[in-house]
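Notebook open, coffee poured. I want to go through this structure piece by piece and write down what I look up.

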Amino acid sequence: MTLALTIIAIICIVGLPFPIVWLTRKNKILGIIGAIACCYIVGFVFSTIGFTGVDYDKGLTSDIAYVLVALSIPLILFSIDLRAVKKLTKNTIVGYSLCIVAVIIVAVAMFFITLSFFPSAKLSAMVIGLYTGGTPNLDAIGAMLGAGDSIAAANVSDTLVGGIYFLLLISVAPRFYRLVLNRKKKPLEAPVATQMEAQAETETVSQTETVSEAEVQATPVEEKHDDYKFGFSIKDKKSLLKLLGAFGLAAGCIGIGILIGVIDNAINSQAPVINFLYILLSVSVLGVGLSFVKPIREIKGQYTLGMYFILMFSLALSMSIDWSSLAPKFLPTIAYFACAQVAVILLHMLLCKIFRVDGDTAIITSTAGVYGPPFIAPVAKAAGRQDLIAPGVICGAVGLAIGTLLGWGIGELLLLV
């Protein structure tokens, strides 16, 4: 019975992400929740099978989860064009840099505040990864530091609090950001004729902006960054072969990480054991490095394949949950991440006020840090600033590239305290 359930669990890990993505596209509520959160919910439900007295091999599903996240990281990083950073304006660079600074300050501060009663070095590291580029960073850092069940709790918190903040971002937040951050200019009195000319000019500009917005909406920016669209037909054999090559390259990055770990063990006269830390460091560094190779970077569908592996990872990890060990720290972990997200958002806004970053740039760079590239377009549309979609996506891509190593590095330092 255990073997049969284990086989069913593996089939679910591989097959369920596709119908879950389809459902999130068809149902608005599920769309707001997001495919990753839905995968965690399904996995949590599946993990309760153990309460019936019969269970599957959760150790195996846990191992599968870590293999999947190792495959996903290079595939996501391969597609990032870090050279595009040169296209960003000074204001955007300052806004996103302040987001990173806010995340580090909050994560380190919360670690020291809770040091005496709650071990949070790993959680603080995951906070840094999550709010500089998104969920892939959180999952990778959690795996590198051996956070275990806390990864799932962190994702649940991100879904709950992050969902509320996203609803604010696409509704009232743009006005609030402008009210707080935009500098008010005193209107100067002008002759009637001048006012009429200004009005005519305003109408002309408005028409031009309308055309510009239509042109921006017609551009494939949003579709290009849809997490779960491969961007080519299943009949396109050439693209399929290239995608298969990208998968092989990701597997090769894992192999190099394993080899480094084996060499390190041999140097230290230790048994040849696979060290997952070396694997994730390898795929992160090589993923960023190979993204500068144009033929690799332009392979269609590799980012999407990486995100599907993240969905499978989410299912596999949540299926591996041991509720008896998770229950005592579930609520504290959720509370920790909820407080961290609120603090990061508010501190980022305060820093933007100090450094005179305008409201629209602040809200887009905040979205880039907290959510990553896929959420930029709807927030930019809600703010009426489609021209900020591309800069926001670039910032989110940079966060994906640097977030894992930044969070892991600071996490290792905090573990020394």
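**Ground rules.** Before I can place anything in a loop between helices, I need to know what a helix is here: a DSSP run of H or I, at least four residues long, numbered from the N terminus. I also keep in mind that this is a predicted model.

**Arginine 356.** I looked up where arginine 356 sits, and found this residue in the loop between α17 and α18. Its phi is near 60 degrees, a positive value in a residue other than glycine. Buried or exposed, I wondered about arginine 356? Exposed, because its relative accessible area is 59% and the cut-off for exposed is over 50%.

**Either side of that loop.** On the α17 side I checked leucine 350, which is in that helix, residues 323–354. Leucine 350 counts as partly exposed, at 49% relative accessibility. I then took its distance to leucine 98: 9.6 Å from C-alpha to C-alpha, with the two positions 252 residues apart in sequence terms. On the α18 side I picked alanine 368, which lies in that helix. Alanine 368 comes out at 0% relative accessibility, so I log alanine 368 as buried. From alanine 368 to isoleucine 389 I get 10.0 Å, C-alpha to C-alpha, and 21 residues in sequence.

**Aromatic rings.** How many aromatic pairs does the count come to? I get 11. The one I opened up is tyrosine 165 with tyrosine 371, a stacked pair with 6.1 Å centre to centre and 15 degrees between the planes. Tyrosine 165 is in helix α9 (residues 150–169) and tyrosine 371 is in the loop between α18 (359–370) and α19 (376–382), so this pair ties together parts that are 206 residues apart in sequence. Both tyrosine 165 and tyrosine 371 are buried. For tyrosine 371 I noted a relative accessible area of 12%.

Tyrosine 371 has another partner, phenylalanine 375. Their ring centres are 5.0 Å apart and the planes are at 35 degrees, so I wrote this pair down as tilted. Phenylalanine 375 is partly exposed, with a relative accessible area of 31%. Put together, ring pairs link Tyr165, Phe166, Tyr371 and Phe375 into a cluster.

**Helix α10.** Next I went to α10, residues 173–181, and asked which of its residues are buried. I found Ala173, Pro174, Tyr177 and Leu181. Why do they sit on the same side of α10? Because they cover an arc of only 100 degrees around the axis. The textbook reminder I scribbled in the margin: an α-helix has 3.6 residues a turn, so residues three or four places apart point the same way. On the other side of α10, I see Arg175 and Leu179 exposed.

**Helix α8.** This one is mostly covered, with 11 of its 11 residues buried. The buried list for α8 includes Thr135, Asp139, Gly142 and Leu145. Just after α8 I found glycine 146 with a positive phi, about 70 degrees.

**Cavities.** I searched the whole structure and got two cavities of 30 Å³ or more. The largest has a volume of about 50 Å³. Which residues line the largest cavity? I listed Ile73, Ile76, Leu77, Pro136, Asn137, Leu400 and Thr404. At least two lining residues come from each of α5 (58–78), α8 (135–145) and α20 (389–415). The biggest share is from α5, which gives three residues. Sorting the lining by class, I get five nonpolar, two polar and no charged residues. I also cross-checked the α8 part of the lining, and both Pro136 and Asn137 are among the buried residues of that helix.

**Cysteines.** Last lookup, and how many disulfides does the count come to? Zero. I went back to cysteine 38 to see why: its closest cysteine sulfur, in cysteine 39, is 7.2 Å away, too far for a bond. The cut-off is sulfur atoms within 2.5 Å. Cysteine 38 counts as buried, at 10% relative accessibility. I looked at cysteine 12 as well, and this residue also counts as buried, at 16% relative accessibility.

Technical notes
Residues numbered from 1 in each chain as written. Predicted model: local features only at pLDDT ≥ 70, side-chain atom pairs only at ≥ 80, totals over all residues. Heavy atoms only, no water. Buried < 20%, exposed > 50% of the residue type's maximum accessible area, 1.4 Å probe, protein only. Arc of directions from axis to C-beta. 1 Å grid on protein atoms, 1.4 Å probe; cavity = no way out; pocket = protein on both sides within 12 Å on 5 of 7 lines; lining within 4 Å. Points joined across faces, edges and corners; volume = space filled by probe spheres on them. Nonpolar A, V, L, I, M, F, W, Y, C, P; charged D, E, K, R; others polar. Phe/Tyr/Trp six-rings, centres within 6.5 Å; stacked < 30°, edge-to-face > 60°.
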